[in-house]
Amino acid sequence: MASAEPGSEDAAEAEEAVYEEMPCDRMELSQRLAVEELITTEASYVHNMQLCVWDIRAHLQKKQLPELDLEGLFSNIDDILHVSRRFLKGLEATAGRGQEQLLCISTLFQEFKEEIETVYKIYCASYDHALQLVESYRRDPRLQEEILDTLSATVPHTGASDLSFFLVMPVQRVTKYPLLLGKILENTPSSASAHSALQAAARAMAQVNANINEHKRRREVATKYNKAEHLTLRDRLARLNTHSIAKKTTRLSRLLMHEAGIVAKTEDKEYDELEEKFQCVASSVATLKENVASYLGHLQAFLLPTPHQCELQMDEGPALQHRRLSALLQSSVFPEFKQRVDRLVWQPLCSLSDMLEGPQQLVKKRLDKLLDYEEIQERRSEVGSVSYDEEAAMNTYLAINALLLAELPHFNQAALQLLGQILRSFSALQLDLAAQVLHHAEKELEQLPHGHMPLPSFWKVVEDTLQQSGAQLRAFCQAFETVTPSPGTQPLTPAEERKVLSLVSKHGPDKLYQVTSNISGSRDLDLTLLRGQIVALLQSSDTKGNTSRWLVDAGGPRGFVPAAKLRPYSPAPAQQSVMQLLSLDSGTERRRHSFASPEAPRPQVATFTPTFQVVAGFSFAARSPQEVTLQAGQPVQVLEPHDKKGSTEWSLVEVNGQRGYVPSSYLVTVPVQDPAGWSLPV
């Protein structure tokens with residue numbers, strides 16, 4: 001019995017060892033199967049992606065169906081295929097590594113996690129849009145038939161009845177990575193050397209999926225708010241309700257408190273710098289678009305019929321070459337240049353401008369949500385909690401802010417690159433145009449008399465010719481001024497007569513001069529006057545004592561004119577009596593104020609009742625103390641037909657004892673109902 005006991009104990013230990021090894025073998029087998037599942041399913045996935053890209057999409061492209069948005073359907077599936085093929089190659093390379101295979105797989109996931117997150121973020125964010133396209137194509141029998149024909153011709157073995165069968169595969173695959181790693185980890189002993197590496201890889205892929213979901217949520221928020229809404233006034237009023245009015249009022253009050261410094265603004269230097277750069281890009285694009293539009297407009301006007309197409313009776317010599325060159329440029333060179341500018345500059349610039357609308361809307365919406373966020377944060381600090389809707393509003397701001405911080409740098413860089421390319425294209429087109437014009441001009445230049453003359457000699461000839469022509473022109477102008485008759489005395493219009501009488505009453509008849517030829521002011525304080533205009537002399541020299549420039553009053557504006565273009569004014573006989581009476585009236589007035597007592601009777605002189613009067617043609621409401629209100633048809637007295645700066649757009653008038661400025665265009669001159677003519681006071 002004693003000898004049998006040790007044998008029985010050994011048998012029991014061996015049996016226990018067998019039972020301990022069996023679970024380990026099963027765990028190792030499950031682990032191996034999980035690894036094989038990861039590799040085989042990845043190979044199948046890559047194969048399906050190749051079918052989708054190389055067969056299905058290529059077949060649809062050959063059909064050339066303009067209604068199909070292939071870019072919207074397949075998004076960045078090429079990038080996904082590129083990453084997945086490299087990832088599969090790495091997985092297959094881990095086979096035969098023995099115990100190191102798990103560690104290699106973990107390391108491979110860590111190396112590819114950033115690339116996987118980048119490409120799948122874009123695809124998953126656009127996946128809903130792709131499904132909407134598939135659904136819209138399903139409702140179109142013709143397109144649906146074309147799609148089914150493509151599937152049956154390229155992948156009949158899959159039994160796919162729709163494109164969504166393949167489009168959903170990337171979404172399913174990226175969410176399966178954490179599950180496959182978790183399955184391997186479950187069958188890996190905690191004491192194994194690769195256990196911690198597998199845990200890290202599983203956590204990394206779970207975080208990748210979380211980041212993709214967050215990115216997708218942010219994109220949905222952006223899609224909601226970045227659409228520029230063009231609403232009519234009626235639509236905007238229809239949207240107003242108690243909630244929206246309260247929300248807008250709260251935002252406005254918060255913004256006013258920011259500006260007044262009552263509450264502090266939430267500062268984000270990183271975002272402020274990005275927004276400033278974005279606004280600079282947007283402003284540059286808008287300015288360039290406006291300038292290019294003006295440029296194209298001028299170019300279009302330039303292509304209209306020009307004088308060289310008219311009969312100038314100059315059929316020989318340089319005029320013939322110029323006419324031929326101009327016709328060639330007008331008919332071929334410039335129209336082609338305009339088309340190229342439109343295609344290579346204007347259309348890309350308009351596309352870039354349209355691209356800016358979405359981010360601009362998002363930037364505006366961020367400010368609104370920031371004001372809501374600050375208000376809710378302040379309420380939370382006071383109350384300690386917020387409602388579900390308020391929490392959602394805070395998350396919306398955080399999502400928009402995070403999205404702008406992530407996307408604005410890339411957008412600014414891409415916009416600047418596109419803007420730079422547009423400017424380079426425009427410069428290249430200008431150089432090309434100059435080269436074409438020069439090429440055609442050189443052909444015509446060879447036929448001119450001076451075509452083979454050295455350049456310095458040619459410019460000397462041009463300079464001499466210009467000097468000779470200028471001298472002839474100046475001589476002609478002087479002769480024209482000499483032989484041109486002085487302006488005769490013509491009857492004045494009522495407005496001109498009132499202006500002359502005003503000058504007489506202010507300065508006297510001996511100070512009146514008439515302009516003998518048109519005067520174009522070229523220096524500061526110079527006046528621009530027309531031939532025949534009446535002015536009053538104020539000073540027979542300028543500020544430097546130059547007697548060739550006189551200071552005159554043109555019935556409102558005052559300035560300097562050449563003395564040689566003024567002659568004393570000789571009024572018509574009918575006007576002389578009026579001017580003498582006005583002169584007597586003004587002289588008597590001056591003597592009464594200088595020497596006579598206030599009670600001295602004023603001498604009775606003849607007065608002139610005008611046959612026209614000024615009335616308000618339209619009603620005008622004063623908007624400042626310097627203005628006066630008018631009623632349509634109300635008589636007014638014009639004190640000065642200009643403002644203090646000499647602008648004739650405003651007139652100083654007196655209405656019912658009140659003085660003020662009104663728009664000159666609101667005043668009209670009408671004949672009086674019963675003109676009294678000349679009369680003497682009784």
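This text leads the reader through the nonpolar cores, one helix and the cavity of a predicted model. Local features need pLDDT of at least 70, side-chain atom pairs count only at pLDDT 80 or more, and totals for chains, interfaces and linings use all residues. Residues are numbered from 1 along each chain as its sequence is written, and side-chain values use heavy atoms, with hydrogens and water left out.

The largest nonpolar core (buried Ala, Val, Leu, Ile, Met, Phe, Trp, Tyr and Cys residues joined through side-chain atoms within 4.5 Å; buried means under 20% relative accessible area with a 1.4 Å probe, protein chains only) has 62 residues. Among those with the most contacts inside it are Phe 109, Ile 116 and Tyr 120. Helix α4 (101–138) is one of the elements that give two or more residues to this core, and α4 gives the most, with 15 residues. Helices here are DSSP runs of H or I, at least four residues, numbered from the N terminus. Leaving aside neighbours within four places in sequence, Ile 116 is in contact (heavy atoms within 4.5 Å) with Val 83, Val 174, Tyr 177, Met 205 and Val 208. Apart from this core lies another, of 37 residues, including Val 281 and Leu 408.

In helix α15 (residues 494–507), the buried residues are Val 500, Leu 501, Leu 503 and Val 504. Seen down the axis of α15, they fall within an arc of 160 degrees (taken from the directions from the helix axis to the C-beta atoms), so they line one face of the helix. Gly 508, whose phi is positive, near 95 degrees, follows α15.

Note on methods
Buried means under 20% relative accessible area, exposed over 50%, partly exposed in between (1.4 Å probe, protein chains only). The expected span of a helix is 1.5 Å times one less than its number of residues.
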